[in-house]
Amino acid sequence: MSTTADRPEAAPADAEAPLAPLAKGLPILGSTFGFLRDTTALLLRSYRELGPVYRLRALWLKYTVIAGFEARDFIRQGLDDQYLSREEVFRDVGVQLGAADFVLGQSGEKHVRFRKLLSVAYSREVGSRWVPEFIGAVRERARAWTPGTIVGVMDEVSSMAFEQYCRAMCGRSLRAHYRDCLRVTDYNMNVGGRVWPFFMYKMPWYRASRLRVLDLLWGMVRERKAAGRRPGERGTILGTLMAIRDGKGEPLTDDEVVCYSMYGFAGSCSYMSRVIGFLLYELLQRPELLAQVTAEVDAAFAEGIENAADVRRLTLLQAVYHETLRFHPVSQGMPHVAARDFVYLGKRVQKGDVTVLSQVPMSFSKCPFHQPEKFEPERCLAPRSEHRQENAFHPFGIGHRTCTATGLVELMTLTMVATLLHELRFTASPADYQLRLKVKPLPAPDDAFKLRIEAHRTDADRATAPRAADEEEVLATFPGHDEPAVAEALQRAAQRTFASGEVIIREGEAAEAFYIIVGGSAEVTRAVNGAPQTLAQLGEGQFFGEIGLLQNIPRTATVTAGPEGVEVLELGRADFLDLVTQSDLVSQDMARLLQKRMALQRLVEALPRLGAADAERLLPEFRPRTFPAGAVIVREGDVAEHFYILVDGEALVTRSSQGVAVLKPGEYFGEAGLLSGAPRNATVTVAPSGPATVLVAEKSVFQRMIQTTGGERGNLAQAMLHRLGER
């Protein structure tokens with residue numbers, strides 16, 4: 001593995017440099033059988049035997065492969081744009097999807113422009129609103145199967161994935177068009193991957209399917225333009241593609257909207273279906289793991305799965321998903337054509353060579369993956385989180401060539417598998433099925449892999465004990481949540497206070513920011529026949545403003561501060577969209593992270609002797625609780641069991657019915673009884689202006705905190721006792 005210090009460089013052509021070594025194979029056929037039998041094994045074996053730059057012959061094609069960490073470094077240095085081209089590879093595919101520039105064939109500024117726009121449309125944030133429909137599409141199919149039915153895995157998951165995508169893409173089912181869309185996807189995957197010759201595009205059945213799909217999507221675009229956007233409408237991928245603007249304010253053309261709506265069929269029918277096939281196989285091979293994941297899924301459904309944030313709580317299933325992507329790479333590499341001769345790592349690549357940048361060997365590196373030849377989902381759970389180390393996990397491309405729909409694919413995949421496990425009990429058919437691959441052109445379980453539906457599950461079959469993932473455990477699953485860029489964007493969120501009745505955002509105005517309520521309440525209204533109609537009441541932890549930013553439309557409603565006023569965190573448009581597109585966070589994720597930031601700030605304000613590092617380490621052991629106006633938090637005479645820090649709102653301290661003090665955000669209480677062992681010496685009640693939010697720590701956490709800050713760092717216990725003496 002190369003490091004930053006010894007990162008390999010490319011150089012212009014050198015006639016003296018040798019060509020890359022050729023992998024061993026059969027006469028004429030070369031490595032064709034290895035390619036068709038197990039492409040991953042072929043790439044990995046060749047990398048280990050021949051080094052990071054080698055050549056393969058498969059079918060009628062010749063490839064030069066740059067693989068592993070060296071391929072990652074090649075892209076990081078921008079050498080792909082300097083020496084390689086994607087235009088020749090994907091030009092014909094782009095033509096098949098309509099008269100538009102196709103992002104996979106672009107480079108430079110044009111590629112960056114398309115990536116930014118598509119990252120919004122294909123984001124987890126846009127898909128989040130369609131989670132109930134994702135579940136409904138799968139549930140409808142699952143409930144139609146009767147016990148004893150045997151279904152082909154790849155056919156069924158491909159069809160269900162298509163249905164899920166269509167719900168998010170246009171808001172409705174396109175089941176009647178599935179066969180046409182699947183045919184167009186198959187032909188473009190195989191011709192684009194150079195497995196089939198280009199004349200396959202001339203086949204009359206393909207051409208008829210392509211025209212029907214194009215007519216369908218063009219009809220949707222015209223319909224959308226004529227109807228406009230309706231108030232309260234959930235944003236679809238199609239609607240987002242039509243609404244988004246680049247940095248110069250330029251929209252996508254109608255041709256491009258059609259192209260990229262159509263392109264999503266490939267992600268669902270092809271990539272996503274393969275991942276699900278492998279994932280189901282691995283679960284069925286491990287009954288204990290299957291039972292654990294099913295229990296987690298049942299608990300999540302009992303609590304309600306309404307959006308992407310709820311899906312995040314399926315931490316074990318998510319770990320199985322990531323390990324499946326590592327162990328069964330679906331994306332084998334990124335094909336290019338060498339635009340000119342060059343030398344990389346001492347090996348000469350010639351102009352016109354089909355050059356594949358393959359990330360596959362990184363997934364089987366012994367650093368950071370312990371025993372990478374084993375399927376082990378635990379490696380993708382905190383604290384190990386091996387898939388987040390050494391920048392070695394690239395299941396859908398590398399760097400600026402990573403698929404823009406990664407979060408959407410994960411969201412649809414997890415909801416499909418979760419729904420199947422929640423609805424059905426099934427086994428592999430045949431029961432002793434062992435994985436065999438079909439490469440067309442990407443690897444997938446072969447058609448012999450089927451499921452036998454044993455029974456429809458009932459509430460009596462499902463786990464009854466809820467298993468809500470720990471908040472820190474969920475936060476750890478956020479992509480990039482601990483990256484400096486994310487922390488910096490969140491740090492730029494401004495804290496603002498609005499008085500009762502003050503307008504925060506106004507219907508019809510331009511959308512410029514995203515808001516999270518950290519205290520107080522707000523009212524959402526929309527003008528109906530000239531009069532405001534209340535749509536919702538928002539409280540602490542809720543958020544608003546994301547729709548206008550995502551859809552690039554004026555505000556669809558007015559939000560006004562509630563009777564007691566409201567305190568919000570305001571995140572600007574640029575930071576919000578960067579977190580959506582680059583870090584793949586959804587609104588709920590941002591709200592959680594910002595609330596965590598606020599809680600940490602309050603903890604440090606309340607206990608400055610604790611220090612920021614210790615505060616961040618201890619914060620997960622504090623639990624936020626919100627109390628309504630007038631609620632008693634602690635009562636004089638009760639046994640002291642908890643320590644409290646006021647995060648938001650006000651609280652009144654009374655002793656024997658006499659007022660003593662008013663607590664403000666950042667102040668703490670409850671330490672007296674914990675330090676002395678005596679009963680509570682005062683009552684703390686939420687002020688009438690309530691509610692109030694506090695961070696609560698168990699007695700054991702408080703004691704550990706006191707011990708942590710002893711010695712040279714200043715004795716926190718003495719500081720607290722000193723404060724008590726001043727009261």
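The expected span of a helix is 1.5 Å times one less than its number of residues. The exercises below apply to a predicted model.

**Exercise 1.** Determine whether the end-to-end distance of helix α10 (residues 178-192) agrees with its expected span, and establish how far the helix is enclosed.

*Solution.* Step one: α10 has 15 residues, for which the expected span is 21 Å. Step two: the C-alpha atoms at its ends lie 21 Å apart, so the two values agree. Step three: a residue is buried when its relative accessible area is under 20%. By this criterion 12 of the 15 residues of α10 are buried, so the helix is largely enclosed by the rest of the structure. Among them are Tyr178, Asp180, Leu182 and Met189. Step four: the cover over these buried residues includes α5 (87-96), α9 (153-170), α11 (204-227) and α13 (254-285).

**Exercise 2.** Classify the packing of helices α14 (residues 287-303) and α16 (residues 315-327).

*Solution.* Step one: the axes are 8 Å apart and the angle is about 130°. Step two: angles of 65 to 115 degrees count as roughly perpendicular and those over 145 as roughly antiparallel; α14 and α16 are therefore oblique to each other. Step three: Leu289, Gln292, Val293, Glu296 and Val297 of α14 meet Thr315, Leu316, Leu317 and Val320 of α16. The residues of this contact comprise six nonpolar, two polar and one charged.

**Exercise 3.** Identify the edge strands of the open sheet β20-β27-β22-β25.

*Solution.* Step one: the four strands pair in the antiparallel sense, in the order given. Step two: β20 (623-627) and β25 (668-669) each have a single partner strand, so both stand at edges. Step three: β25 pairs with β22 (residues 642-648) over two bridges, and Phe669 in β25 is the bridge partner of Tyr644.

Definitions and conventions: Residues numbered from 1 in each chain as written. Predicted model: local features only at pLDDT ≥ 70, side-chain atom pairs only at ≥ 80, totals over all residues. Heavy atoms only, no water. Pairing = 2+ DSSP bridges. Axes fitted to C-alpha atoms, helices over the stretch in contact; angles between N-to-C directions. Parallel < 35°, antiparallel > 145°, perpendicular 65-115°, else oblique. Contact = heavy atoms within 4.5 Å. Nonpolar A, V, L, I, M, F, W, Y, C, P; charged D, E, K, R; others polar. Buried < 20%, exposed > 50% of the residue type's maximum accessible area, 1.4 Å probe, protein only.
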